[in-house]
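The following exercises concern strand pairing, helix packing and burial. Each task is followed by a solution in steps.

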Amino acid sequence: MLGAPIQVTSISVLSLSSLIISNQLLMRKFLFVLFLLPIANCVFAQDLKYYLPDSVNYKAGIPKPKDIIYHEVGEWHITHDRLVNYMKAIALAAPDRVKLETMGLTYEDRPQVLLIITSPKNHQRLEEIRQQHVQLTDPSKSSSLSIENMPIVVYIGHSIHGNESSGANASLLTAYYLAAAEGKQIDELLENVVILFDPSFNPDGLQRFSTWANQHKSKNLVSDPNSREFNEVWPGGRFNHYLFDLNRDWFPALPVESQKRLAWFHKLKPNIITDHHEQGSNATFFFQPGVPSRVNPLTPDKNQELTAKLAKFHAAFLDRIGSLYFTKENYDDFYYGKGSTYPDVQGCIGVLFEQASSRGHLQQTSNGLLSFPFTIKNQFITALSTLEGAKALRKEFLEHQRDFFKQASSRASAYATKAYVFGDKNDKAKTFEFATMLKRHQVEINELPDNWSDNEFQKGSAFIVSLNQPQHSLIRGIFEKTFDFKDSLFYDITAWTMPLAFGLPFKELTTAPTPGAKVGSLNFLKGEIAGGRSNYAYLLEWDELYAPAAINEILDAGLIVKVATNSFEMSVGNGTKKFDRGTIMIPVKLQKDNAEIVAGKMNTVAEKYRLRIYSVGTGNVNTGIDLGSSRFAVVTKPSIAMIVGPGVNATDAGEVWHLLDQRMNIPATHLESSVFNRVELNKYNTIIMVGGSYPDLNKDKLRTWVQAGGVLILAEEAVSWAAQNGITDIKFKRVRAATDSTQKLTYTVRVEVDGAQQMNGAIFGADIDNTHPLTYGYNQKTVSLFKANKVFMEKSKNPYATPFYYGSKPLQSGWASKENLDAIKNSAAVIVNTVGNGRVINIADNPNFRAFWLGGSKLFMNAIFFGRIIDAASARTDD
């Protein structure tokens, strides 16, 4: 049993080296001094002797963790403020080895710190080393670089999930060891390795979790897994402030934490990244390689070869202390948005570590008592094994990075697609956001050439991305649609084609065009009032991403706002212009303010949200509805509540919170079920329920509120909940069984058969009724939605009530079993119900997935602003 003490007395270099890579790579003397004390996973709080190599001398002037944080490592869960204090103290005490950088601040204004740790000699030429690593990724310069004496760069990152805190706590030990250890081994290590040391990927989540774990710790440690210490309240410490899973955000890089980290990644171009996580308490320890059949095909074989070589160091170090581990199971390397996979398309090696979690301080598991110090020790050990492996394999890693980028040109030559063009002439803001994302990854983009002839894409609102550039593989990972898979089991999503996610028109070009000028810095177009001040009305098209933010601010300013439910064409300036359904009108004379004040308010929102607002001097149009028509409906200012708390999918709720708060500047009340059940709901005209379960919500109270005229927006499992509780009459399609009783299957294939029926997440195209209020602002016939659930709605019997629906070939990218795909075909993506005087908008999928699914956010904002103007008869289903 893992919990039994393991006595270790001595070990030879030769016996260790036989465990590692080959006879040509012997383990360094470093392994002589590893952990000569008894090891057990049930050890309670210990001083540094439990963790550190005991035959190493340590500088007396370097503070030990307890000197700064006031407790032994593992005695309490480290809080982020004390963690930062210790890192500052280390940098102050060992300036020859350690330099501290503040990357930025989190949403809760906690510092993101990064330690750069290396030898004094390397610190003196750090800028030279940085430039060498940047040049190593530049095929035009890398050939002339000598790697003979070039240090390898290793990025060690901890606890991107805040409640997987053994990593962040282990960072105290690693930082102390690297700053204080003396002797030939540490000198050689620091001479050959530059370490980018991130003690906490997720400061806000770590702080939230450490507070929980510490406040529930007993003097006599309680190990019962049922105890409150091991069962956080919603939303838990896993996420950042806006409840993002930061480990899925390396691609979109929306939160500030991700953006700052990504900037430092590309600033020094590391060769290895470690990503220290935790897994279920009854597991042991995982390190990569993962499941071979679940590696993204864009990842080169050399990447997996080097990962396997490095893994032998982890195995040897963990064997040395008697820790159990596993590899090539459970975890995949498919989605490039994770910390352990994004490096794989950067000529780098990402390494995922997963330690069985004690969650608190001591927990009973199937492997015996699992103590917090033991989990910390495994994380510390594998940080050291990574550094030892990096030193031993330094040249191979450097050569791999150089070769990866040098071979980009040949990969581009062999690939049929030569470039991508993208852009939305009707939504320049969305185009700008997408281009900004590409630039964060150092993707080169170009303007359209002067001789461009495809009218779908216009110069000034579209760009070209050539595949013949160093980031070839990353670009394919961003743009490609994926349909072929070696495996049907996935740890994460199966598709993330980013232009589809953004709802952005794009096209593959099989002939490389002559590109226009290279785009340096991106300049978002300035907003303006076309035509100047008006005494009659202003018109704003609904196509733009930030139009909802502008209208909310206009409504906040007390102005009357109307929306066109039909299209029209009228004279504007020196020409005529067609305005589609969804066009916003602000009539001047109906306002309580005079024309000058109204003009000032319109100018403010135009400039703030970079919108083009049209000034008109008449209500008479050329074709379509006049501005005084009853087909212009009054827009009501939304007063929003979102149900949160136990059972609710925290990331889904966080995505809505981020969309409203960060993008649209719209406040929303967050109501837990217990609060919802006891408060008056009259102040809210819109209630949002995202995916999850709602067992304690008062369904009768909710139904009464809708009947009184409220708009209820439901997504994913909330759609099923409402139907099951009699709020709607939605019907669902049944999924055909994958097996039947006539088949004879072996016991061991059950996991594969059942796993293949999971909906891990794929992209499906929904056809739309472009006259419906929920489709205002969409200019395409098909909208890409992300599905990661088994909510398959039957189309409504009312032919007007299903404005979004899946056709006979809905799959756009990703994996879905035949049984699930059959259920999705010809199903409803969105159904609107009339309930009394209110409306229920049922969205089968998550329109805001991971907050980068801007193609679905317009649907969501339409539900908020236009849900109440949907004609009752078009959403009524009378049996």
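Two strands count as paired if DSSP finds at least two bridges between them. The model examined here is predicted.

**Exercise 1.** Determine which residue in E23 is the bridge partner of glutamate 569, and place the two strands in their sheet.

*Solution.* Step 1: the bridge partner of glutamate 569 in E23 is threonine 623. Step 2: strand E19 (residues 568–572) and E23 are joined by 2 bridges in the antiparallel sense. Step 3: the open sheet has 3 strands in the order E20-E19-E23, with antiparallel pairing. Strands E20 (575–579) and E23 (623–624) form its edges, each pairing on one side only.

**Exercise 2.** Classify the relative orientation of H11 and H13, and describe their contact.

*Solution.* Step 1: the axes of helix H11 (residues 301–321) and helix H13 (residues 394–406) come within 11 Å, crossing at roughly 160 degrees. Step 2: angles over 145 degrees count as roughly antiparallel, and H11 is therefore roughly antiparallel to H13. Step 3: the crossing is left-handed. Step 4: from H11, Lys302, Asn303, Glu305, Leu306, Lys309 and Leu310 meet Glu396, Phe397 and His400 of H13. By class, this contact has 3 nonpolar, 2 polar and 4 charged residues.

**Exercise 3.** Establish how many residues of H18 are buried, and identify elements that cover them.

*Solution.* Step 1: in helix H18 (residues 547–556), 8 of the 10 residues are buried. Step 2: the buried residues include Ile551, Ile554 and Leu555. Step 3: the covering elements include strands E17 (537–540) and E21 (584–587), together with helices H19 (595–608), H20 (650–663) and H26 (854–866). Step 4: just after H18, glycine 558 adopts a positive phi of about 85 degrees.

How values were computed. Residues numbered from 1 in each chain as written. Predicted model: local features only at pLDDT ≥ 70, side-chain atom pairs only at ≥ 80, totals over all residues. Heavy atoms only, no water. Buried < 20%, exposed > 50% of the residue type's maximum accessible area, 1.4 Å probe, protein only. Helix = DSSP H or I, 4+ residues; strand = E, 2+ residues; numbered from the N terminus. Contact = heavy atoms within 4.5 Å. Axes fitted to C-alpha atoms, helices over the stretch in contact; angles between N-to-C directions. Parallel < 35°, antiparallel > 145°, perpendicular 65-115°, else oblique. Left-handed = near helix turned anticlockwise from the far one by under 90°. Nonpolar A, V, L, I, M, F, W, Y, C, P; charged D, E, K, R; others polar.
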